[in-house]
Amino acid sequence: MATFSSLSTAISLSNIPKMVPPRRDAILNVHPSSSQFCPRFELNTNRSLFTLFTSCRKPQLRCKPRPRSSVQCLFTGIVEEIGHVKQVGIAEHGGFDLKITAKTVLEGVNLGDSISVNGTCLTVTAFDHQLSEFKVGLAPETLRKTSLVELTAGSPVNLERAVQPISRMGGHFVQGHVDGTGEIISMDPEGDSLWIKVRTSEALLKYIVPKGFIAVDGTSLTVVDVFDEEKAFNFMLVAYTQKNVVIPLKNVGQLVNLEVDILGKYVQRLLSNGAIKPIESS
């Protein structure tokens with residue numbers, strides 16, 4: 001799995017030029033499958049997404065980002081299973097394709113369904129029940145703004161299907177719209193639990209409060225403390241959670257996707273517009 005030595009490396013991805021993928025016939029082969037729902041797919045590359053992303057220069061087309069103000073899907077932050085990246089490659093449309101092996105999230109799946117991959121809401125573009133795998137597309141902007149750029153074949157990923165009206169809300173409201181990334185700066189065991197500290201930007205840290213919700217790689221967690229001078233926060237993973245999410249499998253220096261509590265963003269917006277007067281100390 002590719003790693004970054006510092007958060008500044010990840011932030012510099014936003015300055016990477018636009019891309020032009022290699023020829024279609026050199027990258028993607030599609031052939032019929034026994035599945036009655038969709039074709040199988042074969043990506044002829046073992047390179048990492050980071051290598052593919054940084055080796056391209058200009059796009060074939062511009063991907064129009066989904067408006068962040070609209071709620072397209074909703075998650076709880078309760079990971080359903082850990083899948084594994086099978087292959088990565090450049091797609092026909094100029095973005096990237098990611099093939100993931102999984103079982104639970106394929107139950108009742110349909111083309112166009114939303115699945116959270118490490119906290120990023122992605123759309124299912126193909127699947128195969130017999131091979132227990134599905135494919136999602138990644139826009140270049142998604143790789144600039146998330147930790148998915150670190151993924152390689154074999155990488156474990158948190159997976160969760162979008163909630164339905166009858167679903168139990170076990171975590172908190174998670175949109176799958178990653179606000180930014182954070183860098184793991186320490187991982188310290190205490191008994192059978194694990195303390196993890198993450199450094200992030202000031203822009204995100206202002207929305208993070210002690211005992212508040214945060215989604216880390218799509219996992220709904222409770223913030224324990226916020227360290228303003230270090231621009232960091234921490235949380236604790238109990239033994240059960242450690243066995244069912246990908247965060248403990250990462251190393252110090254690697255990135256995690258962060259989505260702050262949407263309620264905090266609404267409050268900040270109302271205060272900045274003057275719709276709500278800030279509380280003044282007497």
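This passage describes the strand arrangement and the salt bridges of a predicted model.

Strands of a sheet pair through backbone hydrogen bonds, and the pairing can be either parallel or antiparallel. In the present model, 6 strands close into a barrel, and their order around it is β3-β4-β7-β6-β5-β8, with antiparallel pairing. From one strand of this barrel to the next, the twist averages 45°. One of the pairings within the barrel is that of strand β5, which covers residues 114–117, with strand β8, which covers residues 156–161; these two strands are antiparallel and are joined over 3 bridges. Within this pairing, Ser-116 is found opposite Glu-160 of β8.

A further group of 7 strands forms an open sheet, again with antiparallel pairing, in the order β12-β11-β15-β9-β10-β14-β13. The edges of the sheet are occupied by β12 (219–222) and β13, each of which pairs on one side only. Neighbouring strands of the open sheet are turned against each other by 35° on average, when direction is ignored.

Several pairings of the open sheet can be followed residue by residue. Strand β9, formed by residues 180–190, runs antiparallel to strand β15, formed by residues 255–260, and 4 bridges join the two. In this pairing Thr-181 stands opposite Asn-257 of β15, while Gly-182 stands opposite Val-256 of β15. Strand β9 is also joined to strand β10 (residues 193–199), in this case by 7 bridges and likewise in the antiparallel sense. Here Pro-189 of the pairing faces Leu-194 in β10. The hairpin made by β9 and β10 has 2 residues between its strands, and in this hairpin Gly-191 adopts a positive phi near 65°.

Strand β10 in turn is joined to β14 by 6 bridges, the two strands running antiparallel, and Lys-197 has Asn-234 in β14 as its bridge partner. Strand β14 itself, which spans residues 232–237, is mostly covered, since 5 of its 6 residues are buried. The pairing of β14 with strand β13 (residues 225–227) is antiparallel and extends over 3 bridges, with Phe-233 in β14 as the bridge partner of Val-226. The hairpin of β13 and β14 has 4 residues between the strands, and Lys-231 there takes a positive phi near 55°.

Side chains of opposite charge can pair when their charged atoms come close. In the model, the count of salt bridges comes to 11, with a side-chain nitrogen of Lys or Arg required to lie within 4 Å of a carboxyl oxygen of Asp or Glu. One of them is formed by the side chains of Glu-80 and Arg-161, with an N to O distance of 2.6 Å. Because Glu-80 belongs to the loop between α2 (49–55) and β3 (81–90), whereas Arg-161 belongs to strand β8, this pair ties together parts that are 81 residues apart in sequence. With a relative accessibility of 31%, Glu-80 counts as partly exposed, and Arg-161 is also partly exposed, with a relative accessible area of 25%.

Another salt bridge is formed by Lys-86 and Glu-133, whose closest N and O atoms are 2.8 Å apart. This pair links distant parts of the chain, with Lys-86 in strand β3 and Glu-133 in strand β7 (residues 133–138), 47 residues apart. The two partners fall into separate accessibility classes: Lys-86, at 36% relative accessibility, counts as partly exposed, whereas Glu-133, at 1% relative accessibility, counts as buried, because buried means under 20% relative accessible area.

A salt bridge is also present between Lys-135 and Asp-97, with the closest N and O atoms 3.7 Å apart. Since Lys-135 lies in strand β7 and Asp-97 in strand β4 (residues 96–101), the pair ties together parts that are 38 residues apart in sequence. Both of these residues, Lys-135 and Asp-97, are buried. Finally, Lys-86, Lys-99 and Glu-133 are joined into one network by salt bridges that share partners.

Terms used:
Residues numbered from 1 in each chain as written. Predicted model: local features only at pLDDT ≥ 70, side-chain atom pairs only at ≥ 80, totals over all residues. Heavy atoms only, no water. Pairing = 2+ DSSP bridges. Axes fitted to C-alpha atoms, helices over the stretch in contact; angles between N-to-C directions. Buried < 20%, exposed > 50% of the residue type's maximum accessible area, 1.4 Å probe, protein only.
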